[in-house]
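Here is a short set of exercises to work through with the model open beside you. Try each task on your own before reading its solution.

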Amino acid sequence: MKVLGVFLKNFRNYKELNLSLDADINILFGDNAQGKTNILESIYLCSCLRSHRTSKDTELIKHDSNEYEVKIEFIENENRHENEQNNFNQSIQINYYQAITGDPNKIRNKRIIRHNGIFLPKMSEMMGLFHAVIFAPEDLMMIKEGPSTRRRFVDILISQIRASYFSELGTFNKILIQRNCLLKQMRDGKSDKDYKLLEVWDFALSKSASKIIAARIEFTEKIGKIASKYHKEISSGKEEIYVKYKTVSGITPNNEIMEIESILKNKYKTMFYEDIDRGNTQVGPHKDDLEISLDGEGIRPFASQGQQRTAVLSLKIAELEIIKKETGLTPVLLLDDVMSELDLSRRKMLLSSVGDAQIILTCTDKSHVINDFENEEKPRTIRYYKVSEGLVL
Ligand code: ATP
Ligand code: MG
């Protein structure tokens with residue numbers, strides 16, 4: 001895939017931007033806090049509707065405004081013939097409107113998505129249209145922080161490949177909210193005889209949860225295999241990384257969806273007193289984790305900074321390879337200030353794994369990255385853009 005242009009309105013520190021990015025390698029350089037990452041963030045948003053830095057859309061709106069617009073123009077495969085299916089210029093446009101107190105027309109935050117100018121009623125319809133993988137300093141949170149960052153990693157990866165998975169996550173969350181609401185009412189004595197209704201939610205929740213867990217197990221295995229290959233290579237065969245999906249006890253990677261569903265149903269049944277006590281659902285995909293270990297030890301407490309970086313790099317390369325393999329399309333690669341943090345062997349590994357993907361990268365000093373690209377055997381078009389105070393020069 002290749003991004004041809006980015007258009008922003010009131011997004012982060014951009015009042016308006018109309019940027020053409022049609023080279024193979026696009027290097028955004030400039031001082032700190034000028035708006036380089038903001039451009040990558042806007043492109044990434046068009047792949048999975050999530051920023052890599054925040055879950056709050058309102059943070060993306062320029063401070064003096066109450067709405068933003070992001071639009072990208074892209075092509076699926078520039079090497080294919082123009083007449084082939086899907087090989088025309090496409091666009092994704094996201095408009096976000098913030099609720100304004102006192103304005104009856106804007107009582108709720110609203111997001112509108114368009115593909116080639118056509119309104120998409122469901123967010124899931126956007127998944128899989130445009131693929132991008134971002135490498136950013138925030139990736140280290142996957143190792144350093146709690147399970148939610150790892151669940152997010154696997155959820156975004158699967159959603160880019162299977163739009164139905166993204167819809168299922170939405171369904172699961174809705175049922176979970178309903179079940180938790182009922183549990184709280186039962187705990188507070190407002191609805192103490194509703195065991196039948198609870199059973200209805202248990203059934204619905206188990207059904208939805210089992211699909212999510214089965215997909216996560218499947219993709220975690222794929223991630224683990226590829227990450228382990230790269231990690232071994234970078235560490236010259238000295239270290240082995242394992243990635244395992246940690247879920248409700250009793251569920252194993254060999255279980256079919258129906259078996260997972262029945263294990264969950266039993267679990268919810270046997271745990272309901274505890275759940276009522278706490279007023280929420282204590283097991284399920286919303287509590288699961290991706291267990292990452294290095295040579296059999298949990299990675300978090302023991303690994304050095306370098307080992308953590310290598311692990312993250314291996315996981316991200318796995319993400320890139322899986323998207324490529326499953327969709328047959330090469331995602332756009334967004335590199336946010338990461339080249340300066342990687343040593344030569346890791347930079348080489350990363351660039352050789354991306355093949356001919358379009359690269360859009362940020363750095364403070366372009367002289368630091370020139371050597372990585374200008375000495376390539378197969379020269380590719382490179383363009384430099386200076387970013388300064390919300391303007392691209
Ligand atoms: P660095 O080299 O430090 O990573 P950068 O060029 O990548 O810098 P960005 O993160 O893209 O910087 O942009 C940061 C700038 O955007 C800051 O000046 C910040 O104050 C501004 N900014 C962030 N969010 C908003 C917003 N919602 N409205 C206006 N300005 C914002
Ligand atoms: Mg930045």
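**Exercise 1. Find the hairpin formed by β1 and β2, and describe the residue R12 in its turn.**

Solution. Start with the two strands: β1 (residues 2–11) and β2 (residues 14–20) run antiparallel and are joined by six bridges. Here helices (H or I, at least four residues) and strands (E, at least two) are DSSP runs numbered from the N terminus, and two strands pair if DSSP finds at least two bridges between them. For a landmark, take V6, whose bridge partner in β2 is L19.

Next, go to the turn, where two residues lie between the strands. R12 sits in this loop between β1 and β2, and its phi is positive, about 50 degrees, although R12 is not a glycine. Most residues other than glycine have a negative phi.

A word on the ground rules: this is a predicted model, in which local features need pLDDT of at least 70 and side-chain atom pairs count only at pLDDT 80 or more, while totals for chains, interfaces and linings use all residues. Residues are numbered from 1 along each chain as its sequence is written, chains are lettered from A and ligands numbered from 1 in the order in which they are written, and side-chain values use heavy atoms, with hydrogens and water left out.

**Exercise 2. Describe the surroundings of ligand 1: how many residues surround it, and which are the closest?**

Solution. First, collect the shell, meaning residues with a heavy atom within 4 Å of the ligand. There are 16 of them, and the closest are A33, K36, T37, N38 and I61.

Second, sort the shell by class: two residues are nonpolar, eight polar and six charged. In this scheme Ala, Val, Leu, Ile, Met, Phe, Trp, Tyr, Cys and Pro count as nonpolar, Asp, Glu, Lys and Arg as charged, and the others, Gly among them, as polar.

Third, look at individual atom pairs. The turn residue R12 comes back here, with a backbone N or O atom 3.2 Å from a nitrogen atom of ligand 1. The side chain of N32 has an N or O atom 2.9 Å from an oxygen atom of the ligand, and a backbone N or O atom of N38 lies 2.8 Å from a ligand oxygen atom.

Finally, check the cover: on its own, ligand 1 has 660 Å² of accessible area (Shrake-Rupley method, 1.4 Å probe), and the protein covers 74% of this.

**Exercise 3. In which order do the six strands of the open sheet run?**

Solution. Trace the order as β8-β12-β13-β3-β14-β15, with mixed pairing. The edges are β8 (132–135) and β15 (391–392), each of which pairs on one side only.

Now move inward. β12 (residues 332–336) and β13 (residues 359–363) are parallel over four bridges, and L335 has L361 as its bridge partner in β13. β3 is joined to β13 by five bridges, again running parallel, with L28 opposite T362. β3 also pairs in the parallel sense with β14 (residues 382–388) over five bridges, where I25 stands opposite I382.

**Exercise 4. How many of the residues of β3 (residues 25–29) are buried, and which way do they point?**

Solution. Count first: five of the five residues are buried, that is, under 20% relative accessible area (exposed is over 50%, partly exposed in between; 1.4 Å probe, protein chains only). Then split them by direction: I25, I27 and F29 point one way, while N26 and L28 point the other way. In a regular strand the side chains alternate between the two faces of the sheet.

**Exercise 5. Is L49 buried or exposed, and what is the phi of L49?**

Solution. Locate L49 in the loop between α1 (36–48) and β4 (67–75). With a relative accessible area of 8%, L49 is buried. Its phi is near 65 degrees, a positive value in a residue other than glycine.

**Exercise 6. Which side chain does the side chain of T310 contact?**

Solution. Begin in helix α9 (residues 305–327), where T310 is found. T310 counts as buried because its relative accessibility is 2%. Its side chain makes a polar contact with the side chain of R346 at 2.6 Å. A polar contact is a pair of N or O atoms within 3.5 Å; within protein, one must be able to donate a hydrogen and the other to accept it, and residues adjacent in sequence count only if both atoms are side-chain atoms.
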